[in-house]
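Take a look at the model below. We start with the surface and then move inward to a set of paired strands.

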Amino acid sequence: MKNKQSTTNLYLAWTLALVLPAFSCKKLIEIPANAPGNIVTSQVFTDSGSAVAAVTGIYSGFMGSFGSFDFPSGAITLYTGLSGDELGYTGTGQSSQAFFQNQLLPTTQNISDLWQGAYGSSRLYQINACIEGLSANKTLSASLKNQLTGEVKTARAFFYFNLVNLFGPVPLVVSTDYQINNTLPRSDTGLVYQQIVADLTDAEKQLSAPYPSAGRERPNLYTALALHARVNLYRQRWAEAEAAASKVIDAGVYHLETDVANVFFAGSAEAIWQLPPGGGVFNPNMVTTEGYLFVPDMIYTQVPPYVISDHLYAAFGTGDERLTNWINTSTDGVHTYHYPAKYKRSYSNYSSPAEDYMVLRLGEQYLVRAEARAEQNNIAGALDDVNTIRERAGLADTAAATQADMLGILMRERQLELSCEWGHRWYDLKRTGTISTVLGTEKPGWKPSAAYYPIPLNQIKLNPRLTQNEGYTQ
Amino acid sequence: MLCVKRKAIFLFMPSEIWLVMRLTAFLLTFALLQVSARSVSQNVTYSGKNVPIDQFFSAVRQQTGFAFFYNDQDLRSARPVTVELRNVPLEKALEESLAGQPLAFVIKGNTVFITPKKMAPVLSPAALAIEPPNEVRGQVTDSLGNPLAGASVVVKGTRKGTSTDAAGSFRLSHVGENATLLISFSGYFSREIKLNGKDYFDIVLQRNNSPLDAVQVIAYGTNIQRYNLGSVSSLTSEEIAKQPVMDVLLALEGRVPGLSVSSTSGAPGAAVNLQIRGQNTLSSSSGLGLTLPFDQPLFIVDGVPFAPQNRNTNLYRTMGTPSSTPFNDQSILNAGLSPFSSINPADIERIDVLRDADATSIYGSQGANGVILITTKKGKPGATRLDVYVKSGASKATRIPKMMTTQQYLAMRRNAVISDGMGSILSPPGSNDPYNQKSYPDLLVFDSTRYTDWGKEFLGGEAPFTDAHASLSGGTQTTTFNLTGGYTHTGYSYPGGFADNRVSANAGFHHNSSDHRLVVDLSTYYSYDRNNSSTSSLSAFALPPNQPDLLDGNGKLVWLYKGIDVVNNPFAYLKQSSDIQSYNLNSNLKISYQLLPGLNLSSGFGYSKYNTRQYNANPSSSYNPTALAYIQSSANFGNTDQETLIIEPQLSYNRTLGRGKLDVLAGGTYKKNSNDQTTLTGTGYSSDDLLGSIAQASAITATTHSLQYKYAAFFGRIGYNWSGKYLINLTGRRDGSSNFGPGRQFGNFGSVAAGWIFSEEPFFKKALPFISFGKLRGSYGTTGTDGIAPYQYQANWGPANASSTSPFQGVIGLQPLNLFNPVYSWAVNKKSEAGVDLGFLKDRIVAGLSIYQSRCGNQLVQYQLPIQTGFFGVAANLPALVQNSGIEITLTTTNIRTPDFTWTSSFNISFQKNKLLAFPGLETSPYASTYFIGKSVNTMVGAKYAGVDSTGAYRYAKGKGGYTNRPNFLNSVEQGGDGYFLPNTDPKYFGGLNNTFSYKNFNLSFFLRFNKQTGQNYRAGIYSSGQYPGAMSNLPAAMAGHFWQKPGDQASFARPITAITPTNIGVYFGNSYYYFSDAVYSDASYIRLQNLSFSYTMPDSWLRKARVKNCVFTMSAQNLLTITGYELGDPETRNLYSIPVQRTIVAGLSFTF
């Protein structure tokens, strides 16, 4: 009988052994809801402070770290300058040479970095996460939600605008759901532009005229309009481009700096969107990436790594203040080198006034409106705008008899005014269909297929639905 | 009521401790239930009149569980029994019931043997007078003082005897004063003890020499190979002591079947990669907060988990981080310093490597990749002894790549400049142009007759090695202790006086109460390690051989030569110091109490703390003055704190049941691990002298990183050994890990194993007497893995990376940290194994064969994603099923055994095969061009190299015939591309052969290690950098003269180039694809004389004079010789630019006082 009882006890014990863990183990393995210093998406957008931090985190990421250049900080200027006819290269680094020789490979690391610089976690992903987080939240004030949403939509439009112009069709990622995004194929450029326009249209409704914070560091209504004007120009919506540019020019907020030397200083009167250089402790002197990139800092040699091409240099007329102010010269005793100097502060010489990184400025808006007017056969109106720019550069007024003349003058003026700035020259050559004519004569070994960069090989591997651009092996 | 009271008592305790106590309380309850069950069966209660004796026996059997063995014929002469027994011990009960009967009894283990009484002697009055009713007691232990339960104690020449209980104690009554006891226990030499009137004996049995009886440490216990069903291999302190290594993991190289060990660099303390039985998971990439492939085994040191995932201890770069390119060492921290360099190998008693399901399933979700148990040395009973040794020697780099001479190098460079179409720079006026001089200083400015062997300059030095260790130990049968102290100094072969210094201390205390019911074991390990080196493992041997002096007469860095900037000065990196200090505390207390014979309640309380402090200094004096314009002096301060608390209450029960022995173990685990990292970077110092203080920096950035991990589990094991012939073992575990999201935290794991020792079958003994041992075993079970960072199940945001961004308008922005996936869970590894263990000629030859297969499914990986999703991956389960299968063979032989001379050998070899069995949806997944069904997971697709074409460019086979400089290798030939499978880099087989000879006082052993494999060759290093041959860095001499120069050349290397120009674009393309082709793979097999060790024990006469107990002279060498067809560099590290593997030779003396 006792034996029986002990057997019963044994069963009881085993039952307990199996049942007990269910009660206690869960508590034993409880850890705090978040890792220290981290919060989850739902918490980010319930508090106005953290919601603003989530949006400004995008701008923190824009300028990258010390000396690094990335999609939103110098890489577009440098790469398209080399690929086009603005820059030459004096060094032996093979990746810069590959850009210059228009011999990029889908395996080129810089290409994959560029792609990542647009789509990465602190770029389009964060923008999409902010849009989703803001729209899901119900506790933030409507005005703050509108302002922040408008800002990030402007930023999204800015990224996609550059992406389509660098790569052609690209995956159009507008959410954070990786299960959808990981297999997205490339979308037609038309579709991408539709998204850009939709975002800018929304942003124009959501943003107000005053900047939300000090300076012109976060987008306002005119930032969206200025970008919209450019996008309409690229889409050949001339009237819309003119209207948008006029709204910016006539806003009374922006004025052309009378001295071209002052255009890129912090607090420039013509800045529409201007970011402070980032880089934390490694960049205490607040030097822009492009200042770091282009200004030769060597003590023993004055050879700048990247030089203004002869074509660009020759394009400037005598007396053009942009030549003397935006291009600097150095010499090693035998050779003379010209290098881009819109930004002059370098790591060894930061005595000049503070410079902020210009994303959008009024000067371009005049040229956008001029081109839109010219295309609508408003030659006089176009001349007005072009001459405004020329006068500021210390040049005499120009005149044009025909629309074609006018457009020719405009292209030259864009080449000079917007030189080595955000890829304008490279994009202009492509959108006007003149790239092969121009570069075919200027660069030996030019192939029309080089007008679009290759899709990075590692990305095609990870998303087999991505296709390669024409002219590249994979 | 009781509950309320308990709550009151524990009100101030953290809830976790409270829960652990509840767990303990539960186990105690369980124990008490067992106690009541056991206590009734000890004694006999019986009353009967004239009961047939066999009926009486069967009643007793039912009550006690003791089996009765008798011959029916013997019982016929017995009378019926009339007894009245009330709770009488079994022995008394039998004595009473058999009083006056013609029967005697002997209890052996749980069996009662009934034999006819030898009537005549007993009836002799004289005999009765001699035999007093005395009692002999004693305890039987092994040489380590562990009680031996179930040893047989027989009075010689009689059938009288007993067996020892769980405490090793025995008690025999009615033994003659001058009788002799014969004590025997399987696996130990039997002993005879003359009583000589004494009545208490402590008997120590020496283990016999059969390797099958060597103790193996298994999960929560020990076993011997003879009865072990799991796949366990051990390395003992004797084998460790022979190897002059700093990191004990390196002592495992080639010694353990199925375990592949490879060092990542020859730097002292460099990380060591381990893998047991192949790669189980698909992704071996970083990104989950872990920096190594998470196929690392679980490490347990003295019962406390150590070094989770074998993660590096450094936070910043150090010389131990191998560089992948010659000058631009930007490699991430994928390797670094090993956590094991904080353990002194001399303090380790043994290492046991657990591989199969039977051995590892009890570790549940942590056992998927095998388990490595490390046991430190403990004190032994006996007179207090002091052991001291000092070893000293040096290390030197092996296989430093021989580079081109100045003449060869300049010829190659000129060739390159000419292929660029820039030949005009070689003579005036081009050569006088300052721009050209700046761009090609080696050709135009440096002295063309100068030659420096930079490899010798930087790597050719001798690194001192000193190791000293002292240990004091001793104690009584009840209490032992040990105290050790060690110091190890290992230098770097680089100039600069870098070194790794380690001080370690180990203290152990063991006590058992005199009745052996209470056992207390405390062991505490503490070590301090300081690894002082540079921030880079810069491969200076690639400098141009005509590079001018790098230091001036005052030891200052030279940056200018004839007005030309030198740019690269490797001595600059040597001035950038990396100082890593590690503090390691590992402590474990185990208390065990015997509630009843056979029933033990115990609990281990373990605590470990691993603290690393790293300080990297980048003084402005180490920078090229040119760069100083934009690089500031800076200092990095990194702190890591890893803390582990583990509580493991256990209840074990063993008893004889039928003709077998039953072992039951039940227990629980509570584990808490926290890992905190803080880094501070300071810049803006006013002087280099102030770099050591963060307070002197004018700008500081900080990062923090904190991980918490909690784990709780219940586990159990039931083993049954029937008559030493049939064995069965069941294990199970239910565990929960905080690394998983709500609802997915718990998993169940288990194993079943069975074995048959067929050599114990009488028919077998008769038929094949030369086979002394034979066992067939098999096991099947499941294990899991939770090696993943926590919080991956939610979308986390954190402060924007302080080192790459700055606050925006005074606010540190937030950035998303991960994609979230709420549904990932355990990967499950199903392991099956069959094995046979054989002993021949009284176990002089012991052979083992294991055939295993493990299938890891529901793979928990960082699921790769295209960056358009925002991240490189997401924590997820893959449907992929990866199979690792293999065969492991071990052979241990005693070839010669004479009194003066013995020769023993041991050999192991492992064959492995990895295969991706299934992957639903592979074609449309991001893995479509990475993994292939039926192939190893390490299989890659690449280009097929087809020599150098007529323009001097590398060409590759096109899938559809013909050649190209730009192969489309992403798509296989079947898909219309030019992709071919690259050689499989999994090791085909590997193993080791050890031979030990001893002649009188001399002992000599050598250990050969071999590895048959294909791997990346030195050309991979050269073409991975993006700096292709022709650039201003030296190349291996093997390449000289083999470059393409003109059409018609049968060259093995493409034309060198320095730039991309329209004329050499084909060469550039060809170079770009070279790294992705099969040209960078070749045979990397090797046989290495891993260890040679010699010792001489001083003769007794000398020892007596010197008043020492023992004195041994030793000489040992590690990595003495490598036989390989691998062209350049080391076939083990296979990285041209990492610090070469070192050869170490030391001599030493050890004393025992």
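How much area does chain B expose, and what share do carbon and sulfur atoms supply? Chain B exposes about 45000 Å², and carbon and sulfur atoms supply 57% of it. Accessible areas come from the Shrake-Rupley method with a 1.4 Å probe, and for residues only the protein chains shown count as cover.

This is a predicted model: local features need pLDDT of at least 70, side-chain atom pairs count only at pLDDT 80 or more, and totals for chains, interfaces and linings use all residues. Residues are numbered from 1 along each chain as its sequence is written, chains are lettered from A and ligands numbered from 1 in the order written, and side-chain values use heavy atoms, without hydrogens and water.

Chain B holds 19 helices and 56 strands (DSSP runs numbered from the N terminus; helices are H or I of at least four residues, strands E of at least two). Its radius of gyration is 35 Å, close to the 32 Å from the globule rule for 1153 residues, so chain B is as compact as a globular protein of that length. The radius is taken over C-alpha atoms, and the rule is 2.2 Å times the number of residues to the power 0.38.

Now the strands. Strand 25 (residues 499–512) of chain B runs antiparallel to strand 26 (residues 518–534) of chain B, with 14 bridges. Pairing requires at least two DSSP bridges. B:Ala499 has B:Asn532 as its bridge partner in strand 26 of chain B. Five residues lie between the strands of this hairpin, where B:His516 takes a positive phi near 65 degrees.

Strand 26 of chain B also pairs with strand 29 (residues 577–596) of chain B, antiparallel over 17 bridges. There, B:Asn532 has B:Asp579 as its bridge partner.
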